[in-house]
Amino acid sequence: MVLRRFEPSDAALAHALGADPYVPLIGSLPARPSTQQARQWVRRQRQKHPDGDGFSFAIADAETDTAIGAIGLWLRDLPEGRATAGYAVSPEYRGRGAATSALVALTAFAWTIPALHRVESYIEPWNTASSKVATAAGYQREGLLRGHHWIGGTRRDMLIYAAIRP
Ligand SMILES: CC(C)(COP(=O)(O)OP(=O)(O)OC[C@H]1O[C@@H](n2cnc3c(N)ncnc32)[C@H](O)[C@@H]1OP(=O)(O)O)[C@@H](O)C(=O)NCCC(=O)NCCS
């Protein structure tokens with residue numbers, strides 16, 4: 001598993017993630033995207049860093065270079081020393097440790113940014129797989145934020161997990 005920048009050939013990942021019932025609710029990827037929408041999503045990922053939003057990495061198989069997931073380090077709150085991590089893995093590649101490895105790598109990368117003190121992950125209470133990923137990557141659960149995110153047309157409670165600069 002490696003983290004690398006998105007390439008135009010990663011549109012297949014957009015189709016795989018866009019078929020998941022949850023992923024389109026938590027980002028800009030349309031559900032069941034058209035070819036054009038998949039390409040546009042990849043272009044948006046490549047544009048995140050130039051636009052100053054943060055880093056969107058493809059999680060890729062180290063041997064085949066196939067993109068199997070996406071993970072982002074969002075830096076809107078960098079002046080406050082905080083970033084947010086978000087991740088998704090293609091349904092067919094789940095349960096093999098990809099998200100955990102990716103979050104470990106992303107968090108190590110985060111500490112190369114001198115101004116960062118905290119990396120946060122917001123996770124819905126039902127999302128046990130994501131909570132396990134955060135915990136396995138060294139994040140601590142800090143609490144429940146009631147009605148914190150607007151997802152799928154409703155306000156949702158979110159668990160907040162965070163890693164602190166070692
Ligand atoms: C959450 C997600 C990224 C996990 O990716 P992954 O590559 O399968 O994660 P990992 O294999 O590193 O670890 C998943 C852990 O959750 C467990 N798990 C998976 N599905 C589960 C479920 N439905 N209930 C309980 N545990 C589950 C796995 O067994 C594994 O735990 P283990 O290491 O103790 O065996 C993936 O399920 C996903 O993309 N979900 C949709 C998007 C999403 O929810 N993103 C996170 C938003 S906060």
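## A guided look at the ligand and a hairpin

Q: Where should I start, and what does arginine 94 do around the ligand?
A: Start with polar contacts, which are pairs of N or O atoms within 3.5 Å. In this predicted model, an N or O atom in the side chain of arginine 94 is 3.3 Å from an oxygen atom of the ligand.

Q: Which other residues place a polar atom by an oxygen atom of the ligand?
A: Arginine 96 brings a backbone N or O atom to 3.3 Å from a ligand oxygen. With asparagine 127, a polar side-chain atom lies 2.7 Å from an oxygen atom of the ligand.

Q: How much of the ligand does the protein cover?
A: On its own the ligand has 950 Å² of accessible area, and the protein covers 68% of that.

Q: Which elements give two or more residues to the shell?
A: They are strand E4 (82-89), helix H3 (98-110), strand E5 (118-123) and helix H4 (128-136). The largest share, 5 residues, comes from H4.

Q: How many residues surround the ligand, and of which classes are they?
A: There are 21 residues around the ligand, and Tyr87, Gly95, Gly97, Thr100 and Asn127 are the closest. By class, 12 are nonpolar, 6 polar and 3 charged.

Q: How do I read the pairing of strands E6 and E7?
A: In a regular strand, side chains alternate between the two faces of the sheet. Here E6 (residues 140-151) and E7 (residues 154-164) pair in the antiparallel sense over 8 bridges. Glycine 143 stands opposite isoleucine 160 in E7.

Q: What links E6 and E7?
A: The two strands form a hairpin with 2 residues between them, and glycine 152 in the turn has a positive phi of about 60 degrees.

Methods
Residues are numbered from 1 along each chain as its sequence is written. This is a predicted model: local features need pLDDT of at least 70, side-chain atom pairs count only at pLDDT 80 or more; totals for chains, interfaces and linings use all residues. Side-chain values use heavy atoms; hydrogens and water are left out. A residue is near a molecule or strand if one of its heavy atoms lies within 4 Å of it. A polar contact is a pair of N or O atoms within 3.5 Å; within protein, one must be able to donate a hydrogen and the other to accept it, and residues adjacent in sequence count only if both atoms are side-chain atoms. Accessible areas come from the Shrake-Rupley method with a 1.4 Å probe; for residues, only the protein chains shown count as cover. Helices (H or I, at least four residues) and strands (E, at least two) are DSSP runs, numbered from the N terminus. Ala, Val, Leu, Ile, Met, Phe, Trp, Tyr, Cys and Pro count as nonpolar, Asp, Glu, Lys and Arg as charged, and the others, Gly among them, as polar. Two strands pair if DSSP finds at least two bridges between them.
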